[in-house]
Amino acid sequence: MKKILITGALGQIGSELVVKLNEIYGKENVVPTDIRVVEGNEVCNHPNFAILDVLDMDAFMAVAKKHEVDTLIHMAALLSAVAEEKPLVAWDINMQGLINGLEVARALELQFFTPSSIGAFGPDTPKVGTPQDTIQRPTTMYGITKVAGELLCDYYHTRFGVDTRGVRFPGLISYVTPPGGGTTDYAVQIYYDAIKYGKYVCNIPQGVKMDMMYMPDAIQAIIDLMEADASKLVHRNAFNISGMSFEPEEIAASIRKVMPEFEMTYDVNPTLERIAKSWPDEMDISAAKEEWNFKAEYDLDKMTVDMLEKLEAKK
Ligand code: AKB
């Protein structure tokens, strides 16, 4: 990675990824793009920031050519809950946006990263120790676009030689930019509400476990995978990765270690319940460890302490 174009740069991952890439590769070598400008998001003040609709192929190609990038990190996509509300829009953005990105990468010989997700799994997938290679068959539009995306990225690698790479992200937790429309968003909102109100109403039912990860580990994983020795990568486009796995009671208990008065009640959202219950409880991440030394620094309690400290300081 020397000069990097990022789509969806104002999203939950992009906003922090840009800061880290600036530090490592230099601001002049980072080109953040997004479909909109978000008031207050620092990334919009980046000297190379450009407005880009990933469905506009000509504009996509033009911005990549103008900045002579050698890497494309394609983040623009709708998350699971919002994709379930607008399935055809999700199909357009998640699939056509991805194909456009892959075509730009193919034409300009760029290294390519795009995230898949735990959403690529479905109710028939083994729930515990979910293998790297296993039955997927997701039952959400988000999941369908993620499985198709994994396969497309494999196809562009084997058929056209594009250096495609990717991970299956779990729910990502961050104090910087809130997520927009995911099933795992509760695990972020709980910290904001703990700081603001001392209590939280959870929309995911008790007992439903999902894999999660703290954002610094997620950002580091992208960089490590993109810098990894290509000859060691067997799976390339859909490595299971995770930092922890918990159900709502466990994150609440972790918060109570710092804020003993914290209270949680439930008002379950049936759509989110259906999606969450169709995803794994805890994935096997051994392929990522073996092929490119993936590791996560944060467990649940370490993340909780950091989240609460950072959000308290932001008040
Ligand atoms: C979502 O909940 O949609 C995302 C994901 C796990 O892909 N956070």
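**Exercise 1. How many residues of strand β12 (residues 210–214) are buried?**

Some conventions come before the solution. This is a predicted model, in which local features need pLDDT of at least 70, side-chain atom pairs count only at pLDDT 80 or more, and totals for chains, interfaces and linings use all residues. Residues are numbered from 1 along each chain as its sequence is written, and side-chain values use heavy atoms, with hydrogens and water left out.

*Solution.*
- Step 1. Strands (E, at least two residues) and helices (H or I, at least four residues) are DSSP runs, numbered from the N terminus.
- Step 2. Buried means under 20% relative accessible area, exposed over 50%, and partly exposed in between, with a 1.4 Å probe and protein chains only.
- Step 3. By this rule, five of the five residues of β12 are buried, and the strand is mostly covered.
- Step 4. Met210, Met212 and Tyr214 point one way from β12, while Asp211 and Met213 point the other way.
- Step 5. In a regular strand, side chains alternate between the two faces of the sheet.

**Exercise 2. Determine which strands pair with β12, and in which sense.**

*Solution.*
- Step 1. Two strands pair if DSSP finds at least two bridges between them.
- Step 2. Strand β10 (residues 171–173) runs parallel to β12 and is joined to it by three bridges. Here Gly171 stands opposite Met212.
- Step 3. Strand β14 (residues 244–246) is antiparallel to β12, again with three bridges. In this pairing, Phe246 is the bridge partner of Met210.

**Exercise 3. Describe the salt bridges of Arg106, Asp229 and Lys315, and the exposure of these residues.**

*Solution.*
- Step 1. A salt bridge is a side-chain nitrogen of Lys or Arg within 4 Å of a carboxyl oxygen of Asp or Glu. The structure holds 12 of them.
- Step 2. Arg106 pairs with Glu103, with the closest N and O atoms 3.1 Å apart. Both lie in helix α4 (residues 87–108), three residues apart, about one turn of the helix. Arg106 is partly exposed because its relative accessible area is 35%.
- Step 3. Asp229 pairs with Lys232, the closest N and O atoms being 3.4 Å apart. Asp229 has 40% relative accessibility and therefore counts as partly exposed.
- Step 4. Lys315 pairs with Glu312, the closest N and O atoms being 3.4 Å apart. Lys315 counts as exposed because its relative accessibility is 67%, whereas Glu312, at 40%, counts as partly exposed.
- Step 5. Asp163, Arg165 and Arg236 are linked in a network of salt bridges.

**Exercise 4. Identify residues that surround the ligand and the polar contacts made with it.**

*Solution.*
- Step 1. A residue is near a molecule if one of its heavy atoms lies within 4 Å of it. The residues surrounding the ligand include Leu79, Ser117, Tyr142, Gly171, Thr183, Thr184 and Trp279.
- Step 2. A polar contact with the ligand is a pair of N or O atoms within 3.5 Å.
- Step 3. An N or O atom in the side chain of Tyr142 is 2.6 Å from a ligand oxygen. A polar backbone atom of Thr183 is 2.7 Å from an oxygen atom of the ligand, and a polar side-chain atom of Thr184 is 2.8 Å from a ligand nitrogen.
- Step 4. Of the 250 Å² of accessible area that the ligand has on its own, the protein covers 94%; such areas come from the Shrake-Rupley method with a 1.4 Å probe.

**Exercise 5. Is Thr164 buried or exposed?**

*Solution.*
- Step 1. Thr164 is found in strand β8 (residues 164–165).
- Step 2. Thr164 is buried because its relative accessible area is 0%.
- Step 3. Contact means heavy atoms within 4.5 Å. Leaving aside neighbours within four places in sequence, Thr164 is in contact with residues including Leu102, Phe112, Tyr156 and Arg236.

Terms used:
A polar contact is a pair of N or O atoms within 3.5 Å; within protein, one must be able to donate a hydrogen and the other to accept it, and residues adjacent in sequence count only if both atoms are side-chain atoms.
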